[in-house]
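Subject: A structure for you to look at

Hello,

I am handing this structure over to you, and I hope you enjoy exploring it. Please open it first, and then read my notes below.

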Amino acid sequence: MIYQSKKLEELGKTSEAEEHLKMVSFSLQCMARGGVHDHVGGGFHRYSVDECWHVPHFEKMLYDQGQLANVYLDVFSITKDAFYSCVARDIFDYLRRDMIGPNGEIFSAEDADSAESQNSTKKKEGAFYVWSNTEVDDIVGDHAAQFKEHYYVKKSGNCDLSQMSDPHGEFEGKNVLIERNSADVMASKFGMPLENYQEILGVSRKKLFDARLKRPRPHLDDKVIVSWNGLAISSFARASKILKNEPDGTKFNFPVVGTNPEDYMEVAKKALSFIKENLYDSQSRRLQHSFRNGPSKAPGFLDDYAFLISGLLDVYEYGGEISWLSWAVELQETQDEVFLDKTGGGYFNTTGEDVSVLLRVKEDHDGAEPSGNSVSAMNLVRLASMFMGTRSDRYKQNAEHLLAVFEKRLKEAPVAVPLMCCAADMLAVPSKKQVVLVGKKASPEMERMLVAVHASYDPNKTVIHIDPNEDEEIGFWEEKNPNVAAMAKSNKVAEKVVALVCRDFACKAPVTDPQSLQALLVKGKV
């Protein structure tokens, strides 16, 4: 999540929140227009070597794609600006096309280096991604001049924006595509309607994409790492509903895989199914860390449990079956059993069962990946809200104890643990908001209500959906939180989906249409 305001109802309205949003939005726009973004094939490279975000280290990591997709979805939820939703879709297209295996597993990374030609055995950084001026002329054709000006393509190569862009002369005569001006500015310069100009760019990129397919690809790291899959699963699940709120007429970059948001939930579920079938022992309730030609011998680490639980919670809250929530609860129990410091609080990174590991540590830094403790704090707060009045006290107590362990870190270096700061902020909210949807799960009405409930950005909102005619769901909630089961039974309306918006399960009058639900949530009347 990008940030949290202490007054969540005023998120996006206060001057402070507006300033934060402006900074985040500007950063995301610059990243998407920079060379760190693969303008031809989608997705983001690992990092930039210069201050202009121009020349990247060309490796692509799964954990970056999942987190970046989520933050672009967040900003789209707040602004409804299709620029951000299109970047998220760009990431998903890349992952679905190049990073997903035959059984739904999501691979880990693509190398930075590749051979310069089919006949070459020598690999070079970025060879798959960079272009000479002549190549662009030959491939793009009639619109090459416009394309080259838009993406700063030069005859001598374009790595001149910073001394750090190409300190070793590796990209001499080569171009890393970068947008130095927005499409609307350039369309105005060329005296063209924006839609026509964007179409020219899209067609030109597609030509380069097709030409690039003939180049030797970078090596694919086809390991399946549970924690990184968890990050990607979360973003796919959230996209399945958030992207249904795109403005009518939104234009996409030449989608290679498709644009139906409902497909994204299936990607998330298939990845979860692969993990459950190949990396989870239902008897011991333990995870293995990774898979390649079979499960690794390494047991799951804290990150594997925490990130997967987070992904499962998102799959459920964005419309997935109750079985995914049940598995999240089960994994949280195992995590508490295996990793929780029951006296000192917080979670160790490892199980402590390997005698060769002499020291068990508790990670306290949100870096390229968030720490397992930060994600766990978020998970515990979410679970506490969902099961309030029953087992929530244990979840809440564990979250409070965890944050107390890292109190000094939070106070002295909050920039080191931004996600943990979000968890602390969520925990500090005096009353929790739940939205309970009661009705037939496999119905267009439930889908529309889920889209409505996820139309606005509110990280302090818990979504529960229950079919009163499904014994499995009623049984789950009767055991875990009887309040929800009772609400389902008392609000069963034939052919209608009933929405109850609650604070600590004290609910307002039910509504039965998406517009009323969305208005209620946006206006903050609960």
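Cys 502 counts as buried because its relative accessibility is 0%. Please keep in mind that this is a predicted model. Which residue does Cys 502 join? A disulfide links Cys 502 to Cys 507, with 2.1 Å from S to S. The bond between these cysteines is right-handed, with 90° about S-S. Cys 507, with a relative accessibility of 33%, counts as partly exposed, since buried means under 20% and exposed over 50%. The two ends of the link therefore fall into separate classes, Cys 502 being buried and Cys 507 partly exposed.

How many disulfides does a search of the whole structure find? The search gives one. Cys 30 is not part of any disulfide, and its nearest cysteine sulfur, in Cys 52, lies 10 Å away. Cys 30 counts as partly exposed because its relative accessibility is 30%.

Why does Cys 159 not bond to the closest cysteine sulfur? That sulfur belongs to Cys 52 and is 11 Å from the sulfur of Cys 159, which is too far for a bond, as a disulfide needs the two sulfur atoms within 2.5 Å. Is Cys 159 buried or exposed? With a relative accessible area of 15%, Cys 159 is buried.

Next, a small part of the fold. Three strands form an open sheet in the order β3-β4-β7, and their pairing is antiparallel. At the edges are β3, residues 60-61, and β7, residues 220-221, each of which pairs on one side only. Two bridges connect β3 with β4, which covers residues 109-110, and this pairing is antiparallel. If you want a place to start looking, find Met 61, which stands opposite Ala 109 of β4.

Finally, the empty space inside. The count of cavities of 30 Å³ or more comes to three. The second largest of them has a volume of about 80 Å³. What kinds of residues make up the lining of this second largest cavity? Six are nonpolar, four are polar and two are charged. Among the lining residues are Gly 35, His 37, Asp 38, His 39 and Val 40, together with His 45 and Phe 58. Further along the chain, the lining also includes Tyr 129, Trp 131, Val 176, Leu 177 and Arg 212.

Happy exploring, and write back with any questions.

Best wishes

Note on methods:
Residues numbered from 1 in each chain as written. Predicted model: local features only at pLDDT ≥ 70, side-chain atom pairs only at ≥ 80, totals over all residues. Heavy atoms only, no water. 1 Å grid on protein atoms, 1.4 Å probe; cavity = no way out; pocket = protein on both sides within 12 Å on 5 of 7 lines; lining within 4 Å. Points joined across faces, edges and corners; volume = space filled by probe spheres on them. Nonpolar A, V, L, I, M, F, W, Y, C, P; charged D, E, K, R; others polar. Pairing = 2+ DSSP bridges. Helix = DSSP H or I, 4+ residues; strand = E, 2+ residues; numbered from the N terminus. Buried < 20%, exposed > 50% of the residue type's maximum accessible area, 1.4 Å probe, protein only.
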